[in-house]
Amino acid sequence: KLQGVAALPMDILHELEEYIPNELMDEWVIYAVQVMNYGEKILKAQQELTELLDKNKIHTAILKGAAAAVNYPNPMYRNMGDIDFLISRKDFMRAYKLLKNSGFKCESNIDDGNTIEDIVQRFDHHISFVKGNICYEMHYRPAGIFDEGKSVALDKVFEEAVYHTETSELNGYSYHRLPSPENGVVLILHIVHHLTGGLGLRQICDWIMYISNEITEDTWVNELMPLFRETGLERLACTLTEMRRVCFGIKGI
């Protein structure tokens, strides 16, 4: 349920009203409004975070969240939770001190004398902050990198990509996101991360909307597949894309 997509059909519900009990319809509409309101709160906080990091010349990229929602017909119907953002290892401890001195409370037990090597040893992929009842997850790598044999290649991909971000806008709020191929790798890794703990329809939909809106046959062959082969994600990427055709009836690629 936490990884569901219940708000996505809202724009067509009026066509189905005669088949939906009034009580359920009311509950559904209220839920969708809550999703949109919380999404607005997340986007505002995310932009403030981005501006803080930009001001201090720290490169960052939003992972999942707005970077996935932007591909939906109505992005505000896509549930948003924590704010996940990537920081290069070179800038990680500087970003940690900046956030800590800017009113963000770190939920992890970290000493100011720690190094990024200490963080990598102690934490799987991120440390967490809280501010204004919003959780911020500051990543040195995306979640889902379990194969140590492939971690070096993946870490190199993201360490370089965070310095080549694109600025996007969603509902009037701006943010930075990874280049499209690397953003696709993040979405695949998010699915990997949830395979053992409970995969939700939201992760599948994120991938389907990404493929449908950002990827052509040319970019699939020349940009995505080399990345997937290098990082051991080729079979999963092909399976998910075939699922898009078989289960959702979307042709292409």
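This report walks through a predicted model, going from its helices and one cavity to a handful of individual residues.

## Two enclosed helices

Let us begin with helix α8, which runs over residues 201–214. Its 14 residues should span 20 Å at 1.5 Å a residue, and the end C-alpha atoms are indeed 20 Å apart, so the expected and modelled spans agree. Most of this helix is covered, with eleven of the 14 residues buried. Among the buried ones are Arg202, Asp206 and Glu214, along with Trp207, Ile208 and Met209. If you would like to see what does the covering, look for α3 (65–69), β7 (173–177), α7 (180–195), α9 (217–231) and α10 (234–248), which are included in the cover over the buried residues of α8.

Helix α7, itself part of that cover, has 16 residues. From first C-alpha to last it reaches 23 Å, close to the 22 Å expected at 1.5 Å a residue. Since 14 of its 16 residues are buried, α7 is largely enclosed by the rest of the structure.

## The cavity

How many cavities of 30 Å³ or more does a search of the whole structure find? The search finds one. The largest cavity holds about 50 Å³ of space. Around this cavity you will find Leu63, Lys64, His139, Pro142, Ala143, Val186 and His190. Sorted by class, the lining has four nonpolar, two polar and one charged residues.

Lys64, one of the lining residues, deserves a second look. Lys64 sits in the loop between β1 and α3, and its phi is near 60°, a positive value in a residue other than glycine. Is Lys64 buried or exposed? Its relative accessibility is 14%, and because the cut-off for buried is under 20%, Lys64 counts as buried.

Lys57 makes a nice companion case. Its phi is near 55°, again positive in a residue other than glycine. Lys57 belongs to the loop between α2 (22–55) and β1, and with 68% relative accessibility it counts as exposed.

## Accessibility at a glance

Here are the residues discussed in this report, with where they sit and how accessible they are.

| Residue | Place | Relative accessibility | Class |
|---|---|---|---|
| Thr60 | strand β1 | 4% | buried |
| Ser128 | strand β4 | 11% | buried |
| Tyr173 | strand β7 | 15% | buried |
| Gly252 | segment after α10 | 45% | partly exposed |
| Glu169 | strand β6 | 57% | exposed |

## Buried residues and their partners

Thr60 is in strand β1, which covers residues 60–63. A polar atom of the Thr60 side chain lies 3.1 Å from the backbone oxygen of Leu86. Leaving out residues up to four places away in sequence, Thr60 touches Leu53, Phe85, Leu86, Ile87, Val162, Thr165 and His176. With a relative accessible area of 4%, Thr60 is buried.

Ser128, in strand β4 (residues 126–131), has a polar contact of its own: its side chain meets the side chain of His126 at 3.4 Å. Beyond four places in sequence, Ser128 also touches Lys105, Cys106, Glu107, Ser108, Cys135, Tyr136 and Glu137.

Which side chain makes a polar contact with the side chain of Tyr173? The partner is Glu40, at 2.9 Å. Glu40 is also among the residues that Tyr173 touches beyond four places in sequence, together with Leu43, Lys44, Gln47 and Ser168. His14 is 159 residues from Tyr173 along the chain, and their C-alpha atoms are separated by 29 Å.

## Two residues with more accessible surroundings

Glu169 lies in strand β6 (residues 166–170). Setting aside neighbours within four places in sequence, Glu169 is in contact with Val70, Ser174 and Tyr175. Leu43, 126 residues from Glu169 along the chain, has its C-alpha atom 9.8 Å from that of Glu169. At 57% relative accessibility, Glu169 counts as exposed.

Finally, Gly252 is found in the segment after α10. Gly252 and Thr241 are eleven residues apart in sequence, and their C-alpha atoms are 9.3 Å apart in space. Gly252 has 45% relative accessibility and so counts as partly exposed.

Definitions and conventions:
Residues are numbered from 1 along each chain as its sequence is written. This is a predicted model: local features need pLDDT of at least 70, side-chain atom pairs count only at pLDDT 80 or more; totals for chains, interfaces and linings use all residues. Side-chain values use heavy atoms; hydrogens and water are left out. On a 1 Å grid over the protein atoms alone, a cavity is a set of points where a 1.4 Å probe fits but cannot get out, and a pocket is an open set with protein on both sides within 12 Å along at least five of seven lines; lining residues have an atom within 4 Å of a point. Grid points are joined across faces, edges and corners, and a volume is the space filled by probe spheres set on the points. Ala, Val, Leu, Ile, Met, Phe, Trp, Tyr, Cys and Pro count as nonpolar, Asp, Glu, Lys and Arg as charged, and the others, Gly among them, as polar. Helices (H or I, at least four residues) and strands (E, at least two) are DSSP runs, numbered from the N terminus. Buried means under 20% relative accessible area, exposed over 50%, partly exposed in between (1.4 Å probe, protein chains only). A polar contact is a pair of N or O atoms within 3.5 Å; within protein, one must be able to donate a hydrogen and the other to accept it, and residues adjacent in sequence count only if both atoms are side-chain atoms. Contact means heavy atoms within 4.5 Å. The expected span of a helix is 1.5 Å times one less than its number of residues.
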